[in-house]
Structure formats: C-alpha cells, structure tokens
Amino acid sequence: MDDQQMKLVEQGLAAEKLLAADAFNSTINQLVDAAFQNFANSKPEQNDVREASYHHYRSLVEIVSTLQQRVQIKTEIEANEDDNNQEE
C-alpha cells in the first residue's frame with residue numbers, strides 16, 4: 001500500500017468513527033431539523049430565508065456524503081489489499 005492509499009485509509013477510518021459517533025449524528029440531525037423548521041416556518045415572501053435553509057441542509061448532506069465516500073474508499077482499498085495478499 002503506497003502513502004496515498006495509507007492516507008485515504010486513515011481518512012476513511014476517521015470518517016467511520018465520526019459517522020458512528022452518537023454526538024455527531026445527533027448534532028447533524030438537530031441541524032437538519034432546524035433547517036427544515038426554518039424553511040417550513042418561513043413566510044411566502046421570505047425567499048432568502050428558504051434559500052439559506054436549503055443551502056444549509058444541502059451542506060449538511062454533503063458533509064455526511066463526503067464522510068461516507070471516504071469510508072467506501074477505505075473499504076475498497078482494504079478489499080484490494082486483501083485480494084492482492086491472497087494472490088501472493
């Protein structure tokens with residue numbers, strides 16, 4: 001495994017721990033709920049509030065998706081390493 005792959009595996013392990021942490025998940029869920037409440041409670045003429053809430057929500061989704069991608073990359077690297085070790 002080269003240095004780049006090691007770095008990706010380390011990032012994946014850290015992301016996996018973060019995604020498994022109750023504090024992280026409850027914080028993300030609270031922020032998503034707050035964004036939805038801001039969106040739902042806005043008045044029809046408050047386009048800027050709805051847009052800000054939407055972008056806030058999308059940012060949260062992007063953070064979680066990026067962490068999940070890092071875990072997936074780690075898993076793929078580990079699977080390839082296992083395959084390579086079995087071939088030897």
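The largest nonpolar core here has 7 residues: A15, F24, I28, L60, V64, L67 and V71. Helices α2 (22–40) and α3 (47–87) each supply at least two residues of that core, and α3 gives the largest share, with 4 residues. Keep in mind that this is a predicted model. What follows is a quick tour of the chain as a whole, then of a handful of residues worth clicking on.

**Overall layout**

- The fold is easy to describe: 3 helices and 0 strands, which read along the sequence as α-α-α.
- The chain is more spread out than a compact globule, because its radius of gyration is 19 Å, well over the 12 Å that the globule rule gives for 88 residues.
- Lay the C-alpha trace along its principal axes and you get a span of about 65 × 25 × 20 Å.
- As for contacts with a separation of 6 or more, 71% of them in the chain are between residues 24 or more positions apart.

**Surface and charge**

- Just 18% of the 88 residues in the chain count as buried.
- The chain exposes about 6600 Å², and carbon and sulfur atoms supply 49% of that area.
- On the charge side, the chain carries 7 positive and 17 negative charges.
- The mean positions of those positive and negative charges sit 12 Å apart.

**Around L67 and L18**

- L67 is one of the residues of the largest nonpolar core.
- Leaving aside residues up to four places away in sequence, L67 touches A15, L18, L19 and F24.
- Two of those partners, A15 and F24, are listed in the core as well.
- L18 belongs to helix α1 (residues 3–20).
- Is L18 buried, partly exposed or exposed? L18 counts as partly exposed, because its relative accessibility is 37%, and buried would need a value under 20%.
- With residues up to four places away in sequence again left out, L18 touches F24 and L67.
- L18 and L67 are 49 residues apart along the chain, yet their C-alpha atoms are separated by 8.2 Å.

**K74 and T75 on helix α3**

- K74 lies in helix α3, and T75 is found in α3 too.
- Is K74 buried or exposed? K74 is a lysine that counts as buried, since its relative accessibility is 5% and the cut-off for buried is under 20%.
- Which residues does K74 touch, not counting those up to four places away in sequence? The contacts of K74 are L8, V9, G12, L13 and E16.
- T75 is partly exposed, with 37% relative accessible area.
- V9 turns up again here: T75 and V9 are 66 residues apart in sequence, but 7.9 Å apart in space, C-alpha to C-alpha.

**Q72, also on helix α3**

- Q72 lies in helix α3 and is partly exposed, its relative accessible area being 42%.
- How far apart are Q72 and P44 in space, C-alpha to C-alpha? The distance is 41 Å, while the two residues are 28 apart in sequence.

**Q37 on helix α2**

- Q37 is found in helix α2.
- With a relative accessible area of 40%, Q37 is partly exposed.
- S53 is 16 residues away from Q37 along the chain, and the C-alpha atoms of the two are separated by 8.7 Å.

Definitions and conventions. Residues are numbered from 1 along each chain as its sequence is written. This is a predicted model: local features need pLDDT of at least 70, side-chain atom pairs count only at pLDDT 80 or more; totals for chains, interfaces and linings use all residues. Side-chain values use heavy atoms; hydrogens and water are left out. The radius of gyration is taken over C-alpha atoms; the globule rule is 2.2 Å times the number of residues to the power 0.38. Buried means under 20% relative accessible area, exposed over 50%, partly exposed in between (1.4 Å probe, protein chains only). Contact means heavy atoms within 4.5 Å. Accessible areas come from the Shrake-Rupley method with a 1.4 Å probe; for residues, only the protein chains shown count as cover. Lys and Arg count as positive and Asp and Glu as negative; His and the chain ends are not counted. The place of a charge is taken as NZ of Lys, CZ of Arg, CG of Asp or CD of Glu. A nonpolar core is a set of buried Ala, Val, Leu, Ile, Met, Phe, Trp, Tyr and Cys residues joined through side-chain atoms within 4.5 Å.
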